[in-house]
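Let's work through some exercises together, one step at a time. Keep the viewer open and try each task before reading its solution.

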Amino acid sequence: MLRTISTAADFYQNSFVSIDQLNPQTIQIILQRAKAIKASPKQWNNLAHNKLLYSLFFSQSTRTRVSTETAWIRLGGDVINVSGTEHISTSKGESWEHTLAMFAGYQPDAIAIRNSLEFLPHTAAEKFPNISWVNCGDGSNEHPTQAMLDVFTISELVPDLKNLTIAFVGDIKHGRTVKSLAKTLQQFGSTMYFLSPSSLHAQDELEQAGITYNYRDISELTEILPHVDIIYATRPQLERMSEADRHMYEHGVYQITPQLMQKTKARLMHPLPIDAHIFPEISAELDTHPQSVYFHQAANGLWVRMAIFSLLLNPIQNFA
Ligand code: CP
């Protein structure tokens, strides 16, 4: 069983692998810690002194890996990185169980892990509870640190998560960032629309997770967007799609364009990356649009990941 994080004290030397561990109070603790660190980052630069992070990114990443490692180093700690699987012994047939046991055996203080296998961080946290495991994305399942940086960014833009209306747009079925953010916003009673081609809806998973939602076909995008505060676009996960869905995307099933943004005051978020080659889900002209916040959102990943690590190391630290 994962250890829940119900109070500030529960962060201490815990793992953070799922939104299911959190409640609205402990989510707010993360947001407040991130705000404090963003306002005054240098005050926090000794918290991880003499502490070691293993940064294990067995599948591709730009933002999560670099911001995770930067966060730990900015807290004063040391990092060892392993990227990809070609240089570790799983490529010689070693099991993930043995691989995780090896990393745990060298006793780092924390392990950040991304892998295409769902629930690997959960298994690791349960088997090796003396290490703080942080899930940086497990297959199509969850991406909880991304959800925290997303909700932190939203909290900078709208005053009240309860009165927030958000539209998740695109590939809902394979998008782990959508699932983690939806689980987070469910805890605050936000209104959520999910717009996708019908074959990329995630009805079963949303229902299993207890998400209250409004599903609309992607063809209703123009009608829905004027009524939301946040548009959360997602990358089509072509690598996980059926041939038919891939074909549909390659022929441009939808695109968020400057013309579409003229119809709404909503801010445009995206966890990134945007697929620039096949058929970009967001038009490149929107990169500099005043309603686009996705680069700001990504930059917030540093403060939020510093906040999460700092809470796992020391939940009561306060420099105010
Ligand atoms: N948002 C996100 O997870 O980006 P990376 O895959 O680049 O880490």
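## Exercise 1: A bridge across the chain

The side chains of Lys 38 and Glu 156 come together in a salt bridge, 2.8 Å from N to O. Your task: find which helices hold Lys 38 and Glu 156, and decide whether Lys 38 is buried, partly exposed or exposed.

Solution. Before you start, note that this is a predicted model, in which local features need pLDDT of at least 70, side-chain atom pairs count only at pLDDT 80 or more, and totals for chains, interfaces and linings use all residues. Residues are numbered from 1 along each chain as its sequence is written, and side-chain values use heavy atoms, with hydrogens and water left out.

Step 1. Check the term: a salt bridge is a side-chain nitrogen of Lys or Arg within 4 Å of a carboxyl oxygen of Asp or Glu. The pair, at 2.8 Å, is a salt bridge.

Step 2. Locate the partners. Lys 38 is in helix α1 (residues 24-39) and Glu 156 is in helix α5 (residues 144-157); with their positions 118 residues apart, the pair links distant parts of the chain. Helices (H or I, at least four residues) and strands (E, at least two) are DSSP runs, numbered from the N terminus.

Step 3. Look at the cover. Buried means under 20% relative accessible area, exposed over 50%, and partly exposed in between (1.4 Å probe, protein chains only). Lys 38 is partly exposed because its relative accessibility is 27%, and Glu 156 is partly exposed because its value is 35%.

## Exercise 2: Bridges inside a helix and beyond

Your task: work out how many residues apart Glu 69 and Arg 65 lie in their helix, then look at further salt bridges.

Solution. Step 1. Glu 69 and Arg 65 join their side chains in a salt bridge of 3.1 Å, N to O.

Step 2. Both residues belong to helix α2 (residues 63-74), where they are 4 residues apart, about one turn of the helix. An α-helix has 3.6 residues a turn, so residues three or four places apart point the same way.

Step 3. Glu 69 is buried because its relative accessible area is 12%, while Arg 65 is partly exposed because its value is 23%.

Step 4. Now turn to Glu 220, which bridges to Arg 216 with the closest N and O atoms 3.6 Å apart. Glu 220 is partly exposed at 28%, and Arg 216 is partly exposed at 27%.

Step 5. Finish with the network of salt bridges that links Asp 20, Glu 142 and Lys 183. The structure holds 9 salt bridges.

## Exercise 3: Around the ligand

Your task: find which atoms of Thr 64, Gln 146 and Leu 272 face the ligand.

Solution. Step 1. List the neighbours, counting a residue as near if one of its heavy atoms lies within 4 Å. They are Ser 61, Thr 62, Arg 63, Thr 64, Arg 114, His 143, Gln 146, Pro 271 and Leu 272.

Step 2. Thr 64 places a polar side-chain atom 2.6 Å from a ligand oxygen atom. Gln 146 has a polar side-chain atom 3.0 Å from a ligand nitrogen atom. For Leu 272, a polar backbone atom lies 2.9 Å from a nitrogen atom of the ligand.

Step 3. Of the 260 Å² of accessible area that the ligand has on its own, the protein covers 91%. Accessible areas come from the Shrake-Rupley method with a 1.4 Å probe; for residues, only the protein chains shown count as cover.

## Exercise 4: Unusual backbone angles

Your task: find where Leu 272 and Asn 50 lie, and say what is notable about their phi values.

Solution. Step 1. Recall the background: most residues other than glycine have a negative phi, and most peptide bonds are trans.

Step 2. Leu 272 has a positive phi, near 65°, and sits in the loop between β9 and α11. Leu 272 is buried, at 13% relative accessible area.

Step 3. A cis peptide bond, with omega about 5°, joins Leu 272 and Pro 273.

Step 4. Asn 50 also has a positive phi, near 65°, and lies in the loop between α1 and β1 (52-57). Asn 50 counts as exposed because its relative accessibility is 65%.

Methods:
Polar contact = N/O pair within 3.5 Å; in protein donor to acceptor, adjacent residues only side chain to side chain.
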